[in-house]
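Student: I'm new to this one and I'd like to know how the labels are earned. Can we go through it together?

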Amino acid sequence: MTTLPVCAADPGLFGGYTAGPFYDEMFASQGRARSHYSRLFTKLGGMAPSQFEERRKLADLSFLLQGITFTVYSDGRGTERLFPFDLIPRILPQSEWERIERGLSQRVVALNLFLQDVYGRQLILKDRKIPASLVFSCRHFRREMVGLEVPHGIYTHICGIDLVRDSASGEFMVLEDNVRTPSGVSYVLENRLVMTRTFPEVFQEHEVLPVNHYPAELSRILRSVSPRGESDPQIVLLTPGIHNSAYFEHSFLAQQMGIELVEGRDLVVDGVVVYMKTINGLKRVDVIYRRVDDDFIDPLCFRSDSMLGVPGLMGAYRAGNIALVNTPGNGVADDKAIYAYVPELIRYYLGEDPLLKTVETYLCDRSDHLSHVLANLPQLVVKSVGESGGYGMLMGPSADRAQIADFRDKIVAEPRNYIAQPIVPLSVVPSYDATSERIAGRHVDLRPYCLYDGQNVTIVPGGLTRVALQQGSLVVNSSQGGGSKDTWILRGEC
Amino acid sequence: MLSRIADSLFWLGRYIERAEDTARILDVTFHTLLEQKQQPFGVRWDPIISMAGEETLFRQLYNEPNAHNVFEFLAFSPNNPSSIMQCINKARENARTIRDRISREMWEDLNGLYFSLGRFDPQEEILAGPHRFCGRVIFGSHRFHGVSDATLPRDEGWEFLRVGWALERAEMTARLVDVQYRTLLEPTVEAGPPDNHQWMAVLKSVGAYEAYHRQYHSPIDPARVAEMLILHPRHPRSIRFSSTEVQSALRAISNTGPGSYANEAERLAGKVLERLRYDRIDEILQTGLHSYLTEIIRLFNSIGEAIARSYFYYALPA
């Protein structure tokens, strides 16, 4: 541990910093940086707030010019906003990361086996390890997928698994799985790029594991699932279009992988084969990395009012003429009620104990759990099982009476739709507070991106650290005012 | 290449060019008026509104045209779909939908232009006059050309961008000559004959003033100005030069050699060029410049439609 007393006369960026009651990832105790943070602490401690502010403006400008923005619809106009980027990196030692990595790999493989099983022989239901009623009542369970052979048996090509560090134990645990169309990986790559440009000297002093092989790895997997198995398959990324909040990411990934970025209107199905409309006529498509939700990919199969999808796409998929990544129907595996059973799934399919902990979860459609939940709402967080992005949530401790009463009614009316968890006291990482122009502790989570090729799970070191920039806030979603940080895995550190 | 992407590149080129051409015309017109100590035959604002093809819309929004409202209308108005800001907005929207297909440098450059123009305060600029704003637009367009030239691979995408640029430029120059000729050669009784300054302004608005003097070594003569802007084989803003660009880009897309055509757009481009190559200015003036240019502009419109039919639109299979 390195001790660096902050000078009283010129407190600098860390002036007034207190670790607070939460697990502080930089400081072991007041003013004592953990060893993997010591060089960064020295650097920042010696920096005048004005110098830091200058770098911050530079970074913001870089994001603005690149158009790395997301669209917010709450103001009715669809304004472009910068996804706030916090310049202070979040650092994890390699040894800790490797433990996380093993836990994530185990989880991804188990979730894939679960999906194979649920849409196949359904052995886990016959063995009564998980209630069949729970599985079949998942909003994102797709009957259309039952009995369908998917290419190479892969469902979960891309998973974003949200982790949090519990202040009580200091350990990482899984908060939720995202196995439908997880987004955010472009920020991992862009944050790194901006970081190396804005803080080159800090970057040079650390040996940070690289992340930029993600597009190449994803591209390899997309190629490998081509049903025609040709050496040069036609791969496209299907986007809902320019108005989608993740549009930047869609175009970024398409460009990085050198694949065509298409909208539903660019594709057409003829004779159960998918084609794209080019200036030289129709051209056959083999693999679709789709960033359009299940509900919208095919109006003939799912929601008939969808304008974003391609009529007949699922027919071509059933005929084996196209690969879809991720596979439709994955939502059954990241349902927040199924989440409670994932440790059981890992034991059932792999015969192993889960390496990563999960948060204690109360299922509101179990009467014993429901009574506990209703009696303790002000202490719990309640989540709607099929939602993501921080929507449909109740944070008990910060909710007022009316909100709690409202949620109570919703839970009682539709218990299957809700789960409740104790509030996890998230760890904090020093982050820049623009109002006070000082560094303060802010809550973070971590979303690593896992790629699965049917044999191995590849995870780019780190992932997206999301940070709740409001003091005291535990909600890190970008749609709810969160920002992000570059995440550094330091080689050789333990 | 996806049809939608080709379509967006084509319009990206057109909107950037339209913004630049509008800025050029605005800037030069204002400065010519400024240089004239008195305005002997009144201020003629109508021509530049006609050039934008938006007379009806202008009359709906304003009363009599004057320096302020014409500038506002052509530069900033969100109600005028051809205003410079609207063109830049649409160029950026098109670029955004295809940002994975253009170079990162092109997107960042255009995005930067969009933000820098957005920082201009219309009310302040209207009082200050158009030079600062128009200068930025023209420079921005040139820089975008340069960045594209330096970074975009020379595939079909480049050709669609180029055909958009060239077709728009050809049409804008045709409109400019048509409108200016009509206005300048038909002075009102009380106004008297127009002086050379107006013709100089026309030349300057297409950046051909110095080139004119190198070419003709003579005072400004309306017929020669028209010749330069319509028929000059090498001046980059002449109608003939731009039409050659249109043809060459279209041939590159379909991989067609000289002497034949692969589609209707190429046939029409060849037809326009035939005239521009072999007609003489005295013949054109004799038969009537206005009808000549009206026919040329009609052909340009047909080329645009034919490109869309050949490359952008799809009839769905039954």
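Tutor: Sure. Let's start with a pairing: strand β22 (residues 438-447) of chain A and β25(A) pair in the antiparallel sense over four bridges. Keep in mind that this is a predicted model.

Student: What makes β22(A) and β25(A) count as a pair?

Tutor: Two strands pair if there are at least two bridges between them, and β22(A) and β25(A) have four. One bridge puts D445(A) across from R466(A) in β25(A).

Student: Which other strand does β25(A) pair with over four bridges?

Tutor: That would be strand β26 (residues 482-490) of chain A, again in the antiparallel sense. Here V467(A) has G483(A) in β26(A) as its bridge partner.

Student: Why is β25(A) called largely enclosed by the rest of the structure?

Tutor: A residue is buried if 20 or more other C-beta atoms lie within 10 Å of its own. Five of the five residues of β25(A), which covers residues 464-468, are buried, so the strand earns that description.

Student: Which way do the residues of β25(A) point?

Tutor: L464(A), R466(A) and A468(A) point one way, T465(A) and V467(A) the other, and all are buried. That fits a general pattern: in a regular strand the side chains alternate between the two faces of the sheet.

Student: What makes strand β18 of chain A largely enclosed?

Tutor: Four of the five residues of β18(A), residues 380-384, are buried, so it is described as largely enclosed by the rest of the structure. β18(A) pairs in the antiparallel sense with strand β20 (residues 418-422) of chain A over five bridges, and one of them links S384(A) to Y418(A). Strand β19 (residues 393-395) of chain A also runs antiparallel to β18(A), with three bridges joining them. There, V382(A) is bridged to L394(A).

Student: Now helices. Why are α3(A) and α12(A) called roughly perpendicular?

Tutor: Angles of 65 to 115 degrees count as roughly perpendicular. Helix α3 (residues 94-118) and helix α12 (residues 342-350), both of chain A, pack at about 80°, with axes 9 Å apart. They are therefore roughly perpendicular to each other.

Student: Which residues meet where α3(A) and α12(A) pack?

Tutor: From α3(A) you get Q106(A), R107(A), V109(A), A110(A), L113(A) and F114(A), and from α12(A) V342(A), L345(A), I346(A), Y349(A) and L350(A). By class, this contact has nine nonpolar, one polar and one charged residues.

Student: How do you know which strands are the edges of the sheet β10-β9-β14-β15 in chain A?

Tutor: This is an open sheet of four strands in that order, with parallel pairing. β10 (260-262) and β15 (323-325) of chain A each pair on one side only, and that makes them the edge strands. Neighbouring strands here are turned by 25° against each other on average, direction ignored. Inside the sheet, β9 (residues 235-238) and β14 (residues 287-290) of chain A pair in the parallel sense over four bridges, with L237(A) standing opposite Y289(A) in β14(A).

Student: What packs on this sheet, and how is it directed relative to β10(A)?

Tutor: Helix α9 (residues 247-257) of chain A packs there, touching β9 and β10 of chain A, and its direction makes about 155° with that of β10(A). Angles over 145 degrees count as roughly antiparallel, and 155° falls in that range.

Student: Which strands are the edges of the sheet β11-β12-β13 in chain A?

Tutor: This open sheet of three strands has antiparallel pairing. β11 and β13 (281-284) of chain A are the edge strands, each pairing on one side only. Its neighbouring strands are turned by 40° against each other on average, direction ignored. β12(A) and β13(A) pair over four bridges, and M276(A) has K283(A) in β13(A) as its bridge partner.

Student: And how many residues does each chain give to the contact between chain A and chain B?

Tutor: Chain A gives 18 and chain B gives 19. On chain A's side, the elements that give two or more residues are α2 (49-65), α9, β10, β11 (267-270) and β12 (273-278). By class, that side has nine nonpolar, five polar and four charged residues.

Note on methods. Residues are numbered from 1 along each chain as its sequence is written. Chains are lettered from A and ligands numbered from 1 in the order in which they are written. This is a predicted model: local features need pLDDT of at least 70, side-chain atom pairs count only at pLDDT 80 or more; totals for chains, interfaces and linings use all residues. Axes are lines fitted to C-alpha atoms, for helices over the stretch in contact, and angles run from 0 to 180 degrees between N-to-C directions. Angles under 35 degrees count as roughly parallel, over 145 as roughly antiparallel, 65 to 115 as roughly perpendicular and the rest as oblique. Two residues are in contact if their C-beta atoms, placed from the backbone, lie within 7 Å. Ala, Val, Leu, Ile, Met, Phe, Trp, Tyr, Cys and Pro count as nonpolar, Asp, Glu, Lys and Arg as charged, and the others, Gly among them, as polar. A residue is buried if 20 or more other C-beta atoms lie within 10 Å of its own, exposed if 12 or fewer, and partly exposed in between; C-beta atoms are placed from the backbone.
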